[in-house]
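Colleague: I would like to learn how to read a structure of this kind, one feature after another. Could you take me through it slowly?

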Amino acid sequence: KVRKLIGNELRLIRKRDYVYYFLTVYDLVRFARAQDPPILCQGRGSAANSVVCFLLGVTSVDPVEHKLLFSRFVSAERDEPPDIDVDFEHERREEVIQYIYDRYGRDRAAIAATVIHYRPRSTIREVGKALGFSEDVTARLADTSWGSWGDELPVERLVEAGLDPHNGEIERLHRFVGELLKAPRHLSQHVGGFVLTEGRLDELVPIHNAAMEDRTFIEWDKDDIDALGLMKVDVLALGMLTCIRKCYDLMREHGLGDHTLELDIDSKDPAVYDMLCKGDSIGVFQVESRAQINMLPRLRPRKLYDLVVQVAIVRPGPIEGDMVHPYLRRRNGEEEVEYPSPDPPHDPNELREVLGHTFGVPLFQEQAMNLAITAAGFTPEEANGLRRAMATFRNVGTIDNFREKMVGGMVARGYKQDFAERCFKQIEGFGSYGFPESHAQSFARLVYVSSWIKYYHPAVFTCGLLNSQPMGFYAPAQLVRDAQEHRVEVREVDVNASAWDSSLEPRADGSLALRLGLRQIDGFREA
């Protein structure tokens, strides 16, 4: 079965002429791991659905074992290139970027652009400034807006800020803000999308020197590149990879073991899960926000797959689709798990196959696609259209185009109308933000690794976090306070004992104390 899956995938990769793309990404991962010390990296996103990516070592999740949907990554029906996102240590990604320039040449490699659009808070401030409003008025109004996106400024926000919406000047401000929202503001660099071409890039598009030394970028953004069919490789940065590598270095230095990013530590350790069940996760990757800390004692993770769900469930998609409470009730045995059956001759257990591991609640994009194919009779091409509607904020509102096809298809196959409507309502939530299971699987591994280090080596973990700043939700003072609550002795900055980075010092009882580094002094520079 596995051989057949690999064969089908390879045939499709060759047919679509993607071989060079896969080898290019593999080459970047190979380069990173060949450095001394190795640059930690891991593929994520929909690429984790690919057996080939897993076998090449680009991703770390076995898609066969977890029954991931390959067509979420690439399919015969999709005339678009695959998208392999690889995270590298945020402090060492520049080494990989310069390797790309050296290997392919600046005439054939450059960073893609991204179009920055007007967003609510900044638009209010800029329009207010242009119209002569004082800073306190625009700041008060900007503070009533939240979130990064929106195409209007509701009148209620003006009232909340104590402004009269019928005042002529305020009306003008409101009108101009509404006209500017979502309009392009300026061109910027993509976070890590590299364009690679066979011929000279400067014959196609102007190339700019970036503000950062030894970087060049082009004027085209992701959509332009997709439309033209150019090859784009995503070289992304992740702070937690930097932190984990520094923790591993500290552990080797102090005789605490020699570990790699692969799960050579036991991912079933009950003590680690006990810590997470108490919401003790400050500094832990992906589960350190207030919302995640509140969810941990309710979900009570006991295995790695529970962390996959934990990563994905505190998102707008599952919350708006009313998936969170049904999932928790069923997982805790408070509600019966139901798998309605279609009329014969269809397989009565078809939904159990699709939703069995999430107690009958669709939490992931792959499940939504599988549900559409299995229960509503979608073709793979139609399921791909559903995927596109779920995939990004830019398509919010387009998912409703699939309502009639989804609900009608399920009813035609013998499912009850109210159940079909409920399924679609849940999937509709993905229109705001649905998580691919493959992405959550990749991140769950880092959740466990960072949790394991925090539980067994809290001084090491805090030291690694402090030396990897800026990253995460918490300021250094909060991380230090959390370390002290975990019985870590924290020694203050000392000109005779501190280096630039924080360090570890042996204590009389054989444990390690955390010595704060000079970098913790505000306004103090490394030079």
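Modeller: We will go through backbone features, then some buried side chains, a cavity and a sheet, bearing in mind throughout that this is a predicted model.

Colleague: Let me begin with the backbone, where I was told to look for peptide bonds with unusual geometry; which residues does the cis peptide bond with omega near 0 degrees join?

Modeller: The bond that runs from aspartate 36 to proline 37 is cis, its omega being near 0 degrees, and proline 37 sits in the loop between α2 (19–34) and β1 (41–44). A cis bond also links proline 344 to proline 345, with omega at about 10 degrees, and here proline 345 belongs to the loop between α15 (324–331) and α16 (350–355).

Colleague: And what is the phi of aspartate 17, which is not a glycine?

Modeller: Aspartate 17 has a positive phi, about 65 degrees, and its place is the loop between α1 (2–15) and α2. Because its relative accessible area is 65%, aspartate 17 counts as exposed. Arginine 300 is likewise not a glycine and has a positive phi, in this case of about 50 degrees; it is found in the loop between α12 (290–299) and α13, and since its relative accessible area is 40%, arginine 300 is classed as partly exposed.

Colleague: Turning to side chains, is glutamine 310 buried or exposed?

Modeller: The relative accessibility of glutamine 310 is 0%, so the residue counts as buried, the cut-off for that class being under 20% relative accessible area. Glutamine 310 is part of helix α13 (residues 304–313), and its side chain makes a polar contact of 2.6 Å with the side chain of glutamine 292. If residues up to four places away in sequence are set aside, glutamine 310 touches Val287, Gln292, Met295, Leu296 and Leu299.

Colleague: Which residues does methionine 275 touch, again not counting residues up to four places away in sequence?

Modeller: Methionine 275, which lies in helix α11 (residues 270–277), touches Asp280, Ser451, Lys454 and Tyr455 on that count. With a relative accessible area of 4%, methionine 275 is therefore buried. As a further distance to look at, the C-alpha atoms of methionine 275 and glutamine 426 are separated by 31 Å, the two residues being 151 residues apart along the chain.

Colleague: How does one look for empty space inside a model, and how many cavities of 30 Å³ or more are found in the whole structure?

Modeller: The general idea is to roll a probe the size of a water molecule over the atoms, which shows where empty space is left. In this case, a search of the whole structure finds 1 cavity of 30 Å³ or more, and the largest cavity holds about 40 Å³ of space. Its lining is made up of Gly283, Glu288, Leu465, Gln469, Met471, Gly472, Phe473, Tyr474 and Leu479, and by class that lining has 5 nonpolar, 3 polar and 1 charged residues.

Colleague: Finally, how should I read a sheet, and what is the order of the strands in the open sheet of 3 strands?

Modeller: In general, strands of a sheet pair through backbone hydrogen bonds, and they do so either parallel or antiparallel. The open sheet here has 3 strands in the order β8-β10-β9, with mixed pairing, and its edge strands, β8 (490–491) and β9 (503–506), each pair on one side only. Strand β8 runs parallel to β10 (residues 512–515), to which it is joined by 2 bridges, and valine 490 has leucine 514 as its bridge partner in β10.

Key: Residues numbered from 1 in each chain as written. Predicted model: local features only at pLDDT ≥ 70, side-chain atom pairs only at ≥ 80, totals over all residues. Heavy atoms only, no water. Helix = DSSP H or I, 4+ residues; strand = E, 2+ residues; numbered from the N terminus. Buried < 20%, exposed > 50% of the residue type's maximum accessible area, 1.4 Å probe, protein only. Polar contact = N/O pair within 3.5 Å; in protein donor to acceptor, adjacent residues only side chain to side chain. Contact = heavy atoms within 4.5 Å. 1 Å grid on protein atoms, 1.4 Å probe; cavity = no way out; pocket = protein on both sides within 12 Å on 5 of 7 lines; lining within 4 Å. Points joined across faces, edges and corners; volume = space filled by probe spheres on them. Nonpolar A, V, L, I, M, F, W, Y, C, P; charged D, E, K, R; others polar. Pairing = 2+ DSSP bridges.
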